Amino acid sequence: MASIELDIWRGEWGLASIDLECLKVLTYMKFIGVPVRVREASHLLFTPKGTLPVLRDGEKVLTNFEEVVDYLKSLHYSTDVHLNDKQAAEASVYTQYLRDKLYPAYQYVWWVDERNYTEVTRPAYAKALRLPFNFYYPSKYSNAAKQMIDALYGEHTNLREIEGTLYSEAEKCLKTLSERLGESEYFFGNRPSSFDAVVFAYLAPLVKAPFPNAQLCNQVKGIANLSKFVARINQKNFRNVTDEYVRWSAKQQSRGTQAEREAAGFPHHARNKLLAALFAAAAMAGYAFANGMFQDLKEFDHSQDYSDMFENEEEDN
């Protein structure tokens, strides 16, 4: 079992991975405590489908959550052994419900909304990849999401109308999830299941990613028990990632505060630097005069042309 390797998209914003599918697998494997070597991929050259995650165990190669769950179950690793038949069936129904109602809205937020894609999604995925893959794959995933939305709603439907419908359906789904969770720690008792991993993977990126168009994200954040559910799983299973991000954020905030203080004191800093420079220049001039250096300067040929020097600097730049 120690030979299992899992290639995923990198983490960001306090998430172990920025990717929905990667986060499903990673969370599930954390739940069951299976030993695994996790690697953040920098290219997708050797992936079977040009996507992540990819789990390898010897010659076994798996590329989606359902395959991973079934394979680990065959090795006697499972979080669902405590579910009875009714709960297992209910989890299956809810999983499909998420796929039908929340997944299209999720894809819209990440890959179709132009501002979100330009400012957050594409830079986050491109940051993980080497050239030229950082141009190719984000565009590929965006086009796939747009094709999915077109297939669901038609190519010529108004995009704003589509957005309204997607968010409306997603909001109903979130409310249903909230009602099902109630005050419980997990969806099926006091132990996590594969369904909890799925829900967390949907919700955590919406809670954490700093999207400028954040309507769906705000819907999730506005539902207290779902927000607590995300925070609880993050803290229990990815505490090192969360703590590292908190430290990084504090450091960035400190730097920002220092920069603001310096900016606020700019006139005084500039004045002090100018006075210091003038004092130094006067001291140097006095020293030069005292040593007869001005006489040498008088004999300098002031007709020297400096235009070539500036042209060379422009060319060098």
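## A word to start with

Helix axes whose angle is under 35 degrees count as roughly parallel, over 145 as roughly antiparallel, 65 to 115 as roughly perpendicular, and the rest as oblique. With that in hand, take helix 4 (residues 103-112) and helix 7, whose axes cross at roughly 135°; the two helices are therefore oblique to each other. We will come back to this pair below.

## How confident is the model?

What you see above is a predicted model. The average pLDDT of the chain is 84, and 80% of the residues score at least 70. Residues 273-317 have a pLDDT below 50, and this stretch makes 6 contacts in the model beyond near neighbours in sequence.

## The sheet and its two helices

A good place to begin your tour is the open sheet, where 4 strands are arranged in the order 2-1-3-4 with mixed pairing. Strand 2 (37-40) and strand 4 (60-62) are at the edges with a single partner strand each, so one side of each has no neighbour in the sheet. From one strand to the next, the twist averages 20°. Strand 3 (residues 54-57) and strand 4 run antiparallel and are joined by 3 bridges. Look for R56, whose bridge partner in strand 4 is V61.

Two helices pack on this sheet. Helix 1 (residues 20-32) touches strand 1 (5-8), strand 2 and strand 3, and its direction makes about 145° with that of strand 1. Helix 2 (residues 65-74) touches strand 3 and strand 4, with its direction at about 140° to that of strand 4.

## Helix 7 and its partners

Two packed helices are described by the angle between their axes and the distance between the axes. Helix 3 (residues 85-101) packs with helix 7 (residues 159-181) at an angle of about 155°, and their axes are 9 Å apart. These two helices are therefore roughly antiparallel, and helix 3 passes helix 7 in a left-handed crossing. Among the residues making the contact are Y94, Y97 and L98 of helix 3 and L166, A170 and C173 of helix 7. By class, this contact has 7 nonpolar, 1 polar and 5 charged residues.

Back to helix 4, then: its axis and that of helix 7 come within 8 Å. Here P104, A105, Y108, V109 and V112 of helix 4 meet L159, E163, L166, Y167 and A170 of helix 7. This contact has 9 nonpolar, no polar and 1 charged residues.

## Helix 5 meets helix 6

The axes of helix 5 (residues 114-128) and helix 6 (residues 133-153) come within 9 Å and cross at roughly 135°, which makes helix 5 oblique to helix 6. Their crossing is right-handed. The contact involves E114, Y117, R122, Y125 and A126 of helix 5 with N134, P138, S139, S142 and K146 of helix 6. Sorted by class, there are 4 nonpolar, 3 polar and 3 charged residues.

## Backbone details to look for

Most residues other than glycine have a negative phi, and most peptide bonds are trans. Two peptide bonds to look up here are cis: the one from L52 to P53 has omega near 10°, and the one from L131 to P132 has omega near -5°. P53 is in the loop between strand 2 and strand 3, while P132 is in the loop between helix 5 and helix 6.

Finally, visit W13, which is not a glycine but has a positive phi of about 60°. You will find W13 in the loop between strand 1 and helix 1.

Notes:
Residues are numbered from 1 along each chain as its sequence is written. This is a predicted model: local features need pLDDT of at least 70, side-chain atom pairs count only at pLDDT 80 or more; totals for chains, interfaces and linings use all residues. Side-chain values use heavy atoms; hydrogens and water are left out. pLDDT is the predictor's confidence in each residue, from 0 to 100. Contact means heavy atoms within 4.5 Å. Two strands pair if DSSP finds at least two bridges between them. Axes are lines fitted to C-alpha atoms, for helices over the stretch in contact, and angles run from 0 to 180 degrees between N-to-C directions. A crossing is left-handed if the near helix is turned anticlockwise from the far one by less than a right angle, and right-handed if clockwise. Ala, Val, Leu, Ile, Met, Phe, Trp, Tyr, Cys and Pro count as nonpolar, Asp, Glu, Lys and Arg as charged, and the others, Gly among them, as polar.
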